[in-house]
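Me: I would like to go through this model with you, beginning with its charged side chains. Could you take my questions one at a time?

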Amino acid sequence: TYDGYIDVPSMNATVATGSFIVAGWFVDHTAQGWAGADDIQVWQGTMDGGGKMLAKGTLAQSRPDVATALGNPFYAASGYGAVMPANALPAGIQTLSVYAHTPGKGWWYKQTQVNVSGSPPVTATAPAATRAAVSRADDRPPPR
């Protein structure tokens, strides 16, 4: 009954040790009148596997593409985003887990791997990445 996606960063993307954005969408198909999540957290590794919480995210961000694709107007507020603190991850391949909490069912999670580079990003800054993650629905894979 859960559905969601990590839009940014994409699987195997290279991110800098500086701060970066994790963003996507989540819905609980059994929620009535809303997308269903009351908390979002990003972890290095997993909650129950000795991982480390890196950031709490913001919920209810605009995702009209999800609402259209899934046919539920309440999913227009299914977006989430979190800013990873600078130097939170060591260089190398790291697994990020995005956890969404629902009041009635507990935690759902999705993972992506990133390659953390010691170099600063060449192009996008955090504010531009935030705007892109929240407002550019055309670049996102359609919901499943």
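Me: Which side chain does Lys105 meet in a salt bridge?
Reply: Its partner is Asp28, with 2.7 Å from N to O. Please keep in mind that this is a predicted model.

Me: Where do Lys105 and Asp28 lie?
Reply: Lys105 is in the loop between E8 and E9, while Asp28 belongs to strand E3 (residues 20-28), so the pair ties together parts that are 77 residues apart in sequence.

Me: Is Lys105 buried or exposed? And why does Asp28 count as buried?
Reply: Lys105 counts as partly exposed because its relative accessibility is 37%. Asp28 has a relative accessibility of 5%, and the cut-off for buried is under 20%, so Asp28 counts as buried.

Me: How many salt bridges are there?
Reply: The count comes to 4. Among them is one between Asp7 and Arg63, whose closest N and O atoms are 2.6 Å apart.

Me: Where are Asp7 and Arg63 in the chain?
Reply: Asp7 sits in strand E1 (residues 2-8), and Arg63 in the loop between strand E6 (58-61) and helix H1 (64-70). The pair links distant parts of the chain, 56 residues apart. Both Asp7 and Arg63 are buried.

Me: Which other residue is linked with Asp7 and Arg63 in a network of salt bridges?
Reply: That residue is Asp65. The side chains of Asp65 and Arg63 meet in a salt bridge at 2.7 Å, N to O. Asp65 is buried, as is Arg63.

Me: Why would such side chains pair at all?
Reply: Opposite charges can pair when the charged atoms of the side chains come close.

Me: Let us change topic to the strands. Why is strand E8 described as largely enclosed?
Reply: Strand E8 spans residues 92-102, and 8 of its 11 residues are buried, so the rest of the structure largely encloses it.

Me: What joins E8 to E9?
Reply: A hairpin does so, through 3 residues. E8 pairs with strand E9 (residues 106-117) in the antiparallel sense, over 11 bridges. Within that pairing, Thr95 has Gln113 in E9 as its bridge partner.

Me: How many bridges join strand E4 to E8?
Reply: There are 6 bridges between E8 and strand E4 (residues 39-44), and these two strands run antiparallel.

Me: Which residue in E8 is the bridge partner of Gln41?
Reply: The bridge partner of Gln41 is Tyr99.

Notes: Residues numbered from 1 in each chain as written. Predicted model: local features only at pLDDT ≥ 70, side-chain atom pairs only at ≥ 80, totals over all residues. Heavy atoms only, no water. Buried < 20%, exposed > 50% of the residue type's maximum accessible area, 1.4 Å probe, protein only. Helix = DSSP H or I, 4+ residues; strand = E, 2+ residues; numbered from the N terminus. Pairing = 2+ DSSP bridges.
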